[in-house]
Amino acid sequence: MSTDQYFADTGVELTHDGFFAHPEQWTETMVPDLAARDGIDPLTDEHWQVIRFVRAEYLAKGTGPALRALSRTSGVPMKRLFELFPHGPAKVAARIAGRPRPMCAATAPSSSSGRSRLRCTSLESALSGEI
């Protein structure tokens, strides 16, 4: 189920948990409104750094980084990510960056560790058969 909402005077379709149903509807002008919806106001340069990083990862790879990878590759330490996005850095930054809801699936156990891993992708990628 999805709902239509307005951000920066533009109508967008969101899923029941606030992710973009159509990520191409996202624009940077929506970010302050999206962030305020998640209780983030004002936005700092560090917020923008993370949001732009998450968006770029989504556009380049069709998915976004998990929390550890976000911390390691965005240049923002883990503790600071939780200060910036207190309700869950990976999830909240993904919603603000206009990503679709991630889809995760378990992979076969690796031969070196014997453990299964989760592989996450966007719903769009899953539906198009890219995974």
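**Figure 1. The salt bridge of Lys61 and Glu57 in helix α2.** Lys61 is exposed, with a relative accessible area of 58%. In this predicted model, the side chain of Lys61 forms a salt bridge with that of Glu57, with an N to O distance of 2.9 Å. Glu57, by contrast, counts as buried, at 17% relative accessibility. Both residues belong to helix α2, where they are four residues apart, or about one turn of the helix. The structure as a whole holds seven salt bridges, and further examples are shown in Figures 2 and 3.

**Figure 2. The salt bridge between Glu28 and Arg52.** The closest N and O atoms of Glu28 and Arg52 are 2.9 Å apart, and the two residues form a salt bridge. Glu28 is located in the loop between β2 (10-15) and α1 (31-37), whereas Arg52 is part of helix α2, so this pair ties together parts that are 24 residues apart in sequence. Glu28 is partly exposed, at 36% relative accessibility. Arg52 is likewise partly exposed, and its relative accessible area is 44%.

**Figure 3. A salt-bridge network of Arg37, Asp38 and Arg95.** These three residues, Arg37, Asp38 and Arg95, are linked through salt bridges into a network. Within the network, Asp38 pairs with Arg37, and their closest N and O atoms are 3.8 Å apart. Asp38 has a relative accessible area of 13% and is therefore buried, since the limit for a buried residue is under 20%. Arg37 is partly exposed, with a value of 31%.

**Figure 4. The crossing of helices α2 and α3.** Two packed helices are described by the angle between their axes and by the distance between those axes. Helix α2 covers residues 45-61 and helix α3 covers residues 67-74; their axes come within 11 Å and cross at roughly 115°. This angle makes α2 roughly perpendicular to α3. The crossing of α2 and α3 is right-handed. On the α2 side of the contact are Gln49, Val50, Phe53 and Val54, which meet Leu70, Thr73 and Ser74 of α3. Of the residues in this contact of α2 with α3, four are nonpolar and three are polar, while none is charged.

**Figure 5. The buried residues of helix α3 and the residue that follows the helix.** Ala69, Leu70, Ser71 and Ser74 are the buried residues of α3. The helices against which they pack are α2, α4 and α5 (89-96). Just after α3 comes Gly75, which takes a positive phi of about 85°.

**Figure 6. The surroundings of Leu84 in helix α4.** Leu84 is a residue of helix α4, which comprises residues 78-84. With a relative accessible area of 4%, Leu84 is buried. When residues up to four places away in sequence are not counted, Leu84 touches Ile40, Thr44, Glu46, His47 and Val76. One of these contacts, Thr44, is 40 residues from Leu84 in sequence, yet the C-alpha atoms of Leu84 and Thr44 are 8.7 Å apart in space.

Key: Residues numbered from 1 in each chain as written. Predicted model: local features only at pLDDT ≥ 70, side-chain atom pairs only at ≥ 80, totals over all residues. Heavy atoms only, no water. Axes fitted to C-alpha atoms, helices over the stretch in contact; angles between N-to-C directions. Helix = DSSP H or I, 4+ residues; strand = E, 2+ residues; numbered from the N terminus. Parallel < 35°, antiparallel > 145°, perpendicular 65-115°, else oblique. Left-handed = near helix turned anticlockwise from the far one by under 90°. Contact = heavy atoms within 4.5 Å. Nonpolar A, V, L, I, M, F, W, Y, C, P; charged D, E, K, R; others polar. Salt bridge = Lys/Arg side-chain N within 4 Å of Asp/Glu carboxyl O. Buried < 20%, exposed > 50% of the residue type's maximum accessible area, 1.4 Å probe, protein only.
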